[in-house]
Amino acid sequence: MEARVVRAVQRRQVLFLCVFLGMSLAGAEPLRYFVAEETERGTFLTNLAKDLGLGVGELRARGTRIVSDQNLPFLLLNPLTADLILNEKLDREELCGPREPCVLPFQLLLEKPFQIFRAELRVRDINDHSPVFLDREISLKILESTTPGAAFLLESAQDSDVGTNSLSNYTISPNAYFHINVHDSGEGNIYPELVLNQVLDREEIPEFSLTLTALDGGSPPRSGTALVRILVLDINDNAPDFLQSLYKVQVPENSPVGSIVVSVSARDLDTGSNGEIAYAFSYATEIILKTFQINPTSGSLHLKAELDYEAIQTYILTIQAKDGGGLSGKCTVVVEVTDINDNRPELLLSSLTSPIAENSSETVVAVFRIRDRDSGNNGKTACSIQDDLPFILKPSVENFYTLVTEKPLDRERNTEYNITITVTDLGTPRLKTEHSITVLVSDVNDNAPAFTQTSYTLFVRENNSPALHIGSVSATDRDSGSNAQVTYSLLPPQDPHLPLSSLVSINADNGHLFALRSLDYEALQAFEFRVGAADRGSPALSSEALVRVLVLDANDNSPFVLYPLQNGSAPCTELVPRAAEPGYLVTKVVAVDGDSGQNAWLSYQLLKATEPGLFGVWAHNGEVRTARLLSERDAAKHRLVVLVKDNGEPPRSATATLHVLLVDGFSQPYLPLPEAVPVQDQDDSLTVYLVVALASVSSLFLSSVLLFVAVRLCRRSRAASVGRCSVPEGPFPGHLVDVSHTGTLSQSYQYEVCLTGGSRTNEFKFLKPIIPNLLPQSTVVCSLTSGDIKGGVVPYIVPGYIQAKLGILHLLSSHKM
């Protein structure tokens, strides 16, 4: 802190020293340079480095420039050699008019450090203009009674040159009666007078035509001519005489056109035409003729054009009064133009620095000069800027000001400043000028990227496709340009076992995150990592944010049945006593789902059943229970298909097959039943046979005896072919089918098998068991198709239910049993 204060004090001391040196140099005698008008462009004038006692390199390093009030680029400074060169041809008459000497002031401005040198360029006149008479013909009337030596005022010629090149002499063509006397008006102008040498005789010579020649003092001299016509008149012995030989008047510069400036008056003692007076300007300049006009009868002087104090402050007019006889008198009118506050202050900007780097110390932003063309208090000015800006104005010499930063700027707060410089004069009424400049603030990398959130939570559903856009992170940088260009990257994970590079990637330009591979909720439910954002400044700044990715479960796992096992082994048979009450728990289907949430909510329903309505499944726990009382008419063996379905969208399902055996008691020995023909198929067979039987009985009553006998014979022959058990061609191993401890039976049984050949519904029959005491008293015959045998189905021996294809009556009697 103390070091900053010391540096600030040192800077102020250097600035005050520069201002003091500038003021001291500004107060010194200005540098003077001379050039003749019409000098060619590019003419060398001087070497400023030598004149100022500085080196060429130092002069260039200090930022030297030329400033002039006229804003005319008449000078050019060569920055390499420090030579001052004429930039254009100069016309002294256009620049200065009749003023002598012709001085063009300018200033040499050194910016680093700030210093001003006054200088002036004086333009020398050359003889490039000839004298010119405004009137090519001058008329004079002279009384013949005029005594020799009388002088007659002639119109003077105009010469734009000054000094020795201006008008210096008049001559008239040789004659015996007149000669020219040249007089000085005391104001730098000369005028000719025609002097009479001898008495005129109108009767001898009534008119003279003489050539008046005006000569300047140049080398060689230039000249202009006018014709003087002299009429000799009769005697007029009184000339007009003004009441005042000198009139002085002050006129405000804002006087309206046509207003009276002054009235002059002359009198003539003669009468008649010799006493009639006419007023007119005598040898008036072109400017006077454009600005004033005089009433020839009354002698009142009026404004013909607007006055401008800043251009001309004083006019000197010579007014001539002529009578009818040609005699004249003259007087002088001095018109002084008084200043009014009609010019606004002007701001002449010399230099402007923009942009300015933020956080920089005190910096000169602009250098300008204030000028007011008015005089007195009307030309005094005060300069100011807005109060809420971090800039201050510092006055210098010659109405120069510097605009300086008051404190370091912050581009993130303001990228630019619109500064209005207000200049007010002290006249009445006060006039002001406002000049606006825009100062841009250039960026410095002083802001790190900032994430819109400190942490991000992204959701992605499992089994996603690779390269899936899963979300974005975003960071902003308050800087600009490359300092605000943000690049995103993945930071090394804190968990070394997390394969982050194979899970996600990030777009370095826009922060888009992508899943590189398909995610599995059952393997990885969530992971987190950090993302970095760095700008491209120098040095680069960075920040980081936490990203948490949650894997959402998808219904990609079907329910898995734990019980009963569905692995293709021998089915598990559930035993149900026939005396079971409704709601008796037969078994419970147990299943699990690898998903989570509602995708793992399982429901159970009975999809298929051998006898619908006998069993039911509880939807929520998978319990299989009896739905009603069992009866002897119910089949002994039942096959149930239970559907296990989850609550996903779309739902997935699995099926479990249950085999239920109805027994009289759990002490009754039993064998596992085969995969018999479904009950529905049995019922269909019974229906078919019943229809055939009814048709046959009807045929017996309606047909003739012969037809009845033929039909009977045909039936007997077909029944014999179907019931006959034949041995197929080829050797068939004669053996017993052994069923050993299969299903839930505790005994072993053997059966003889007989297959019918050539039939699509090959059957086998179970005859006598090897252990007769295990069977009931009645003979039991069961049949299955050969397809059942090929499928490895083991038939069950069901007491009380006899199946046989021996005819309709046998089938009906067996069904009743």
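Colleague: How do you sort E398, R118 and their kind? Begin with the cut-offs.

Modeller: Buried means under 20% relative accessible area, exposed means over 50%, and partly exposed lies in between (1.4 Å probe, protein chains only). This is a predicted model: local features need pLDDT of at least 70, side-chain atom pairs pLDDT 80 or more, while totals for chains, interfaces and linings use all residues. Residues are numbered from 1 along each chain as written, and side-chain values use heavy atoms, without hydrogens or water.

Colleague: How many salt bridges does the structure hold?

Modeller: A salt bridge needs a side-chain nitrogen of Lys or Arg within 4 Å of a carboxyl oxygen of Asp or Glu. The side chains of E398 and R118 make one, at 4.0 Å from N to O. The structure's total is 22.

Colleague: E398 and R118 meet in a salt bridge. How many residues apart are they?

Modeller: Strands are DSSP E runs of at least two residues, helices H or I runs of at least four, numbered from the N terminus. E398 sits in the loop between β28 and β29, and R118 in strand β7. The pair links distant parts of the chain, with a separation of 280 residues.

Colleague: Is E398 buried, exposed or partly exposed?

Modeller: Its partner R118 has 27% relative accessible area, so R118 is partly exposed. E398 has 28% relative accessibility, so it counts as partly exposed.

Colleague: Which helix holds both K290 and E286?

Modeller: Their side chains meet in a salt bridge, at 3.5 Å from N to O. K290 is exposed, because its relative accessibility is 51%. The two are four residues apart, about one turn, in helix α5.

Colleague: R371 and E346 meet in a salt bridge. Which strand holds E346?

Modeller: The N to O distance of this pair is 3.0 Å. R371 lies in strand β26 (364-371), so the salt bridge ties together parts that are 25 residues apart in sequence. E346 lies in strand β24.

Colleague: Is R371 buried or exposed?

Modeller: E346 is partly exposed, because its relative accessible area is 24%. R371 has 11% relative accessibility, so R371 counts as buried.

Colleague: Which residues do salt bridges with shared partners join into one network?

Modeller: Here the salt bridges share partners. One network results, and its members are E29, R32, E120 and R122.

Colleague: How many disulfides are in the whole structure?

Modeller: A disulfide needs two cysteine sulfur atoms within 2.5 Å. C331 is buried, because its relative accessibility is 1%. C383 is buried too, at 19%. The disulfide count over the whole structure is zero.
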